[in-house]
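Biologist: Please give me a close look at the surroundings of the ligand.

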Amino acid sequence: MRTPNRHPADGKKPITVYGPDFPFAFDDWIEHPDGLGVLPSESHGAEVAIVGAGIAGMVAAYELMKLGLKPVIYEASKMGGRLRSQTFEGTDGIIAELGGMRFPVSSTAFYHYVDKLGLETKPFPNPLTGASGSTVVDLEGQTYYAEKLADLPALFQEVADAWADALEDGARFGDIQQAIRDRDVPRLKALWNALVPLWDDRTFYDFVATSKAFAKLSFQHREIFGQVGFGTGGWDSDFPNSMLEIFRVVMTNCDDHQHLVVGGVSQVPLGIWRHVPERCVHWPAGTSLSGLHRGATRSGVKKIARASDGRFSVTDNWGDERQYAAVLVTCQSWLLTTQIDVEESLFSQKMWMALDRTRYMQASKTFVMVDRPFWKDKDPETGRDLMSMTLTDRLTRGTYLFDNGTFANGDDKPGVICLSYSWMSDALKMLPHPVEKRVKLALDALKKIYPKVDIAGHVIGDPITISWEADPHFLGAFKGALPGHYRYNQRMYGHFMQQNMADEHRGIFIAGDDVSWTPAWVEGAVQTSLNAVWGIMKHFGGHSLPSNPGPGDVFDEIGPIALPD
Ligand SMILES: Cc1cc2nc3c(=O)[nH]c(=O)nc-3n(C[C@H](O)[C@H](O)[C@H](O)COP(=O)(O)OP(=O)(O)OC[C@H]3O[C@@H](n4cnc5c(N)ncnc54)[C@H](O)[C@@H]3O)c2cc1C
């Protein structure tokens with residue numbers, strides 16, 4: 001299924017991740033037939049170091065290769081980064097999505113690459129959607145079964161209405177979404193820029209608790225909102241975050257209409273690695289990133305310093321040292337002090353402050369493979385699904401069920417259950433435990449919700465688990481900005497605009513989830529990577545074409561507003 005992102009069935013103009021901080025049409029820029037720009041011929045074939053083979057590194061490398069540069073990718077861990085689809089041992093493509101798993105169709109720059117690679121996507125089995133079939137909400141020991149919101153007690157509808165009213169009342173939600181649909185830059189800037197100073201200092205919880213819509217309801221309404229939330233599930237883990245970050249997610253529909261990539265999302269970064277572009281400057285037909293690298297990336301980077309000739313000296317974990325005119329760093333920014341010895345003078349002290357203040361969310365997932373999608377069997381007494389997508393205040397928090405379809409002979413393929421997907425304190429409860437204990441804890445919690453269902457009896461193969469915060473190459477799942485972090489975000493996001501920087505700070509670029517305004521959503525990582533492509537093109541003396549201006553060409557005019565220091 002080609003993702004219905006740009007042309008929704010309802011005929012309305014689509015909501016996309018268009019701003020609101022920097023309303024630049026990245027999707028149009030990368031789809032324009034004239035290409036992203038041109039580089040002076042003497043720079044053709046020049047090497048650029050790319051630190052990290054996640055989606056940001058891969059997209060930048062691919063686009064820079066098309067412009068005629070030679071990206072040299074370094075990866076310390078697994079290619080694909082936080083788009084990691086792990087295959088259950090011995091199976092033919094039965095996978096667990098350990099990082100990103102559900103991709104809002106508003107992520108149009110990301111889907112540009114998904115579609116280019118011809119990958120199939122389908123609706124993600126989120127709560128109360130057709131794709132999940134049924135949902136069980138289990139709160140304070142009470143269990144509710146629903147196929148749609150209206151099947152739940154009235155209290156839940158009141159919570160959903162209060163959230164919609166709070167957004168309308170506190171942030172002119174409808175007007176902002178209309179400006180996004182219309183791609184009306186002046187209107188969007190006027191509406192959004194008014195919210196930035198009002199909400200940078202305040203938390204998501206503050207917004208909910210002080211909104212008129214929730215204030216007139218009970219504490220229990222707020223609790224339910226935190227546990228069950230909206231769109232993708234419970235959001236109380238985000239309650240301490242900056243409200244601006246939550247606004248961005250809901251205004252750009254990141255929490256809505258999400259698809260999964262059939263066969264695993266890591267096919268996207270790995271597909272870009274192998275893809276042969278239709279058109280490449282300088283490189284012969286048939287060139288791919290994989291080909292340029294002879295099939296493998298270089299290993300992790302341990303040191304980045306200014307070389308005596310003014311270029312950058314990049315040293316990998318095996319001690320190999322190479323010189324580059326530009327470096328793009330896409331790994332999480334804390335790694336610039338914990339994993340990589342970065343010469344301090346490469347960034348200003350204000351930039352270091354921003355890089356180091358980045359705050360990460362923890363996330364843990366535990367998966368099992370099961371013999372078949374048994375949850376679709378009906379309970380003979382109630383006629384309901386035996387088990388459903390489950391949201392609960394218990395340890396598991398979110399349980400997701402993945403039906404992998406049928407074999408050609410009609411047998412069900414093994415199914416996959418994400419027994420538990422949790423964030424922050426709930427993820428920390430799992431952190432010290434080995435996979436077997438995590439599975440046991442999750443099964444024990446689910447037994448209380450489904451006393452009659454023998455989930456363990458269906459488990460086959462070895463379970464899979466992850467805690468991103470336990471991995472030295474990540475240290476956390478994704479950024480979650482705190483109140484007061486807008487200025488740091490703005491510094492990092494705008495760092496690709498290097499024309500007015502001191503010479504000693506130029507030539508090193510940053511991109512990825514940490515630099516993004518919508519962390520935890522891959523679209524932000526892709527968009528920052530495209531900003532870096534523009535910055536690197538400029539660094540080599542190139543420019544975008546007048547027919548297709550790039551992000552840097554309009555940044556001074558429509559970039560994120562500055563708050564006073
Ligand atoms: C648990 C979880 C759930 C998520 N859910 C969703 C979702 O449902 N939808 C969605 O849109 N997004 C989701 N995301 C976010 C999405 O996965 C990220 O935004 C995106 O993958 C980030 O890509 P990146 O290239 O910026 O960073 P990364 O993928 O982290 O890539 C950086 C790479 O740098 C490498 N590296 C680290 N140190 C070094 C070194 N010294 N030298 C060389 N390489 C190094 C790392 O190994 C890594 O591969 C989720 C993320 C997580 C973790």
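Modeller: A backbone N or O atom of V522 lies 2.8 Å from an oxygen atom of the ligand; a polar contact is a pair of N or O atoms within 3.5 Å, and within protein one must be able to donate a hydrogen and the other to accept it, while residues adjacent in sequence count only if both atoms are side-chain atoms. The protein covers 99% of the 1,000 Å² of accessible area that the ligand has on its own (Shrake-Rupley method, 1.4 Å probe; for residues, only the protein chains shown count as cover). Helix 2 (55-67) and helix 18 (522-539) are the elements that give two or more residues to the shell around the ligand (helices are DSSP runs of H or I with at least four residues, numbered from the N terminus).

This is a predicted model, in which local features need pLDDT of at least 70, side-chain atom pairs count only at pLDDT 80 or more, and totals for chains, interfaces and linings use all residues. Residues are numbered from 1 along each chain as its sequence is written, and side-chain values use heavy atoms, with hydrogens and water left out.

Two other backbone contacts involve nitrogen atoms of the ligand: one is 2.8 Å from a polar backbone atom of V301, and one is 3.2 Å from a polar backbone atom of A76. Of the 39 residues around the ligand, those that come nearest are E75, R82, R102, D513 and V522 (near means a heavy atom within 4 Å). By class, this shell has 23 nonpolar, eleven polar and five charged residues (Ala, Val, Leu, Ile, Met, Phe, Trp, Tyr, Cys and Pro count as nonpolar, Asp, Glu, Lys and Arg as charged, and the others, Gly among them, as polar).
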